[in-house]
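Good morning, and thank you for making time on the agenda. I should like to take you through one protein model, from the whole chain to a few single residues. Please keep the sequence and the structure in view as I speak.

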Amino acid sequence: MSAIPYLALVSALAALALAMFFFNNVKQASPGDERMVFLMTEIQKGARAFLKAEYTWVSVFVVAMIVLIAIIVHPLASISYLVGAVLSATAGYAGMTVATMANARTTEAAKQGPGAALPIAFRGGAVMGFAVAGLALLGLMAVYIVFVTLLEHKEAFEIVTAYGLGASSIALFSRVGGGIYTKAADVGADLVGKVEAGIPEDDPRNPATIADNVGDNVGDVAGMGADLFESYAGSIIAPISLVAFATGLAADDIGDDALSLLMFPMAIAFVGMIASIIGSFLVKGGESTDSKALSRALHLGTNVAMGITIVATVAMAFWLFGDSDAFDQPIGLAISVIGGLIVGWALGKTAEYYTSDHFGPVKKIAAQAETGPATTVLSGISAGMVSVAASVLLILVGVGVAYWGGELAFSDDISNLSGGIYGIAVAAIGMLATTGVVVSVDAYGPIADNAGGIAEMAELDPSVREVTDALDSLGNTTAAVAKGFAVGSAALTALALFKSFEFAIAEAGGDLNLNVGEVDVFIGLFIGAGLPFLFAALTIDAVGRAATEMIEEVRRQFREIPGLREGKEGVIPDSARCVEISTAASLKEMIIPGALAVVVPLVVGFIDVDALGGLLAGALVTGFALAIFMANAGGAWDNAKKYIEAGAHGGKGGDPHKAAVVGDTVGDPFKDTSGPAMNILLKVMTIVSLVFASSFV
């Protein structure tokens with residue numbers, strides 16, 4: 001049993017080896033002609049410049065947090081925090097590097113059809129997927145082995161929890177900064193290019209096109225990678241910290257029952273990683289550009305990985321809990337994990353229903369585009385709102401099944417730990433057990449999007465763009481599916497971390513009162529309920545301001561560079577200026593929303609712990625609903641536009657298309673900036689509260 005952290009460590013190394021294998025596999029493919037290589041290089045340079053600048057800015061915040069944690073919590077906790085932050089940033093940079101290399105190679109492969117292009121785009125995404133999962137698990141297991149197993153430090157579990165805070169810090173700024181960058185460029189390129197100038201998407205005449213393609217990599221690859229790094233690490237940390245704080249564990253005094261409970265989340269991570277590695281080899285493209293056929297090919301790996309994880313979870317539950325009298329029916333904890341896995345999958349399918357052009361909601365939005373932008377926007381908002389109801393219902397089912405499974409496993413509390421609460425904590429790992437292959441499928445989308453941009457800018461045969469568009473349309477849906485997993489796990493992980501926070505307060509000699517009738521709890525509840533809306537408003541506003549600068553610059557270049565709009569030979573736009581505008585604006589705008597997530601819980605916690613409890617509860621409920629609404633509404637608008645561009649309702653250039661572009665522009669910051677950052681906001685606030693809990697008391 002005590003070998004499980006080492007097995008998980010080995011599986012993490014195997015994932016990193018697979019990432020290296022896929023990296024070399026992608027690198028060997030042809031990047032195409034000289035023009036394609038030039039475009040690829042420009043995108044690479046822009047993405048590297050942005051990440052370098054972003055990490056420079058974020059390092060100031062990281063250093064401040066290291067000092068704060070070292071003084072208030074423990075010096076070793078600051079080391080754990082630093083490890084989490086550095087590995088999260090490394091995963092994002094690795095994913096961005098291969099994504100900017102795979103884009104032109106996917107375009108070149110698309111000349112031979114989707115059967116050649118899909119595997120390259122997927123393997124490029126798989127480097128991101130397995131770098132994220134591998135580095136997250138490697139760092140966490142290393143921290144656990146050093147501080148809990150080898151040193152048996154008396155505050156080992158507080159030190160391990162700080163690893164999650166390090167990952168969350170990078171994820172928050174990467175998601176917000178990258179999201180502002182990509183959407184400022186996207187909105188600027190679309191509004192001036194498609195709507196005003198009447199030129200196609202990714203047209204080489206548009207100065208914002210390169211910046212838009214850079215944005216796909218820094219927001220949807222590096223930002224998303226840091227997001228899921230944090231989600232994955234947090235889902236494993238949550239049950240470990242729950243067991244430790246509920247039972248008052250010391251690293252040098254772990255009984256057999258508590259050890260089984262500590263090992264179970266690591267065992268699920270281990271089997272999920274192995275299953276993801278196996279599943280990744282099953283993704284192969286066919287010859288059809290039909291999105292249903294492409295979707296089946298892409299999701300085969302995920303479905304197989306889930307199947308293997310389910311079988312292995314049952315085996316692990318009986319191995320770890322079958323011989324102890326404290327556990328009545330070990331199958332209960334397997335049910336909790338499998339319930340989480342299935343609910344995560346169902347959340348993804350719900351997102352697919354509301355964002356794919358095969359189903360009613362997107363077709364309805366496209367039909368509403370016939371009557372103008374206003375009705376397009378209204379129908380997208382209603383589709384996003386309706387999707388919240390279905391997602392909330394699924395989360396409640398997941399919580400209910402996980403709680404029941406945990407109670408079934410051990411009906412009597414172990415110390416203060418309820419079986420039901422532990423069941424909910426491990427359900428979050430079920431959702432993210434197959435993170436390696438889930439992120440691979442998600443990161444595939446931006447690569448396909450970039451491939452289409454390069455096809456357009458390099459003026460390749462329209463048949464190439466047809467293939468890349470089919471891949472890209474599917475990528476919007478796979479991104480919505482991954483966001484469903486991430487937001488669902490955020491709700492369950494935040495609940496488990498919240499319970500750990502309650503135990504940590506009690507262990508420090510405090511008493512957390514969550515009676516809504518108490519005025520301080522009531523005030524905290526309303527602060528928490530309002531925070532996600534303020535956070536969303538700040539990030540959307542930031543996109544608006546940055547996009548305004550971009551729009552003015554694109555208009556200026558069309559106005560002042562003779563022959564640019566007409567496409568005169570030898571006349572090229574100043575793309576570097578647009579990249580600079582997006583970079584500067586996004587870095588400046590990310591500071592206030594990013595700091596909000598850390599500063600507000602600290603300030604409230606030092607004033608009144610009960611108010612902080614109310615704040616966390618209020619933020620969890622409204623933040624979850626808002627994240628689902630924004631992600632699904634944005635995805636639906638985007639695919640409604642693509643549905644029209646494929647020929648429905650008059651196709652490109654007509655009034656319905658212009659209305660759909662407006663809807664997509666509204667949805668861009670919803671689905672790629674504010675929505676995805678919301679789940680990080682929830683976990684950052686909860687984990688900050690947990691790490692500093694004893695200091696509040």
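The accessible surface of this protein comes to about 22,200 Å², and carbon and sulfur atoms account for 63% of that area. What we have here is a predicted model, with a mean pLDDT of 87. Of its residues, 97% reach 70 or more. Confidence is highest in helix α1, residues 4–27, at a mean of 95. It is lowest in helix α14, residues 462–507, where the mean is 79. As a general caution, predicted coordinates should not be read in detail where pLDDT is low.

Let me turn to the overall architecture. The protein has 20 helices and zero strands. Its radius of gyration is 24 Å, close to the 26 Å that the globule rule gives for 697 residues, so the protein is as compact as a globular protein of that length. The C-alpha trace spans about 75 × 50 × 45 Å along the principal axes. Buried residues make up 65% of the 697 residues. Among contacts with a separation of 6 or more, 86% are between residues 24 or more positions apart.

A word on charge. There are 36 positive and 65 negative side chains in the protein, and the centres of these two sets lie 11 Å apart.

I now come to individual positions, beginning with helix α5, residues 156–197, which contains Thr182. Is Thr182 buried or exposed? Its relative accessible area is 0%, so Thr182 is buried. Leaving out residues up to four places away in sequence, Thr182 touches Asp212, Gly215, Asp216 and Gly219.

Next is Ser586, in helix α16, residues 575–589. Ser586 also has a relative accessible area of 0% and is therefore buried. Which residues is Ser586 in contact with, once neighbours within four places in sequence are left aside? They are Phe50, Gly177, Ile180 and Tyr181.

A further pair of positions can be taken together. Ser387 belongs to helix α11, residues 373–409, and it counts as buried because its relative accessibility is 0%. Beyond its neighbours within four places in sequence, Ser387 is in contact with Thr350, Tyr354, Ile628 and Asn632. The C-alpha atoms of Ser387 and Tyr353 are separated by 9.0 Å, with these positions 34 residues apart along the chain.

Asn632 comes up again with Glu352, a residue of helix α9, residues 331–355. Glu352 and Asn632 are 280 residues apart along the chain, yet their C-alpha atoms are separated by 8.6 Å. Glu352 has a relative accessibility of 12%; the cut-off for buried is under 20%, so Glu352 counts as buried.

Finally, I should like to point out two loop residues. Glu152 lies in the loop between α4, residues 114–150, and α5. Although Glu152 is not a glycine, its phi is positive, at about 50°. With a relative accessibility of 39%, Glu152 counts as partly exposed.

The other is His649, in the loop between α18, residues 609–645, and α19, residues 655–691. What is the sign of phi at His649? It is positive, near 50°, in a residue other than glycine. His649 counts as partly exposed, at 27% relative accessibility.

That concludes my presentation, and I thank you for your attention.

Notes. Residues are numbered from 1 along each chain as its sequence is written. This is a predicted model: local features need pLDDT of at least 70, side-chain atom pairs count only at pLDDT 80 or more; totals for chains, interfaces and linings use all residues. Side-chain values use heavy atoms; hydrogens and water are left out. Helices (H or I, at least four residues) and strands (E, at least two) are DSSP runs, numbered from the N terminus. The radius of gyration is taken over C-alpha atoms; the globule rule is 2.2 Å times the number of residues to the power 0.38. Buried means under 20% relative accessible area, exposed over 50%, partly exposed in between (1.4 Å probe, protein chains only). Contact means heavy atoms within 4.5 Å. Accessible areas come from the Shrake-Rupley method with a 1.4 Å probe; for residues, only the protein chains shown count as cover. Lys and Arg count as positive and Asp and Glu as negative; His and the chain ends are not counted. The place of a charge is taken as NZ of Lys, CZ of Arg, CG of Asp or CD of Glu. pLDDT is the predictor's confidence in each residue, from 0 to 100.
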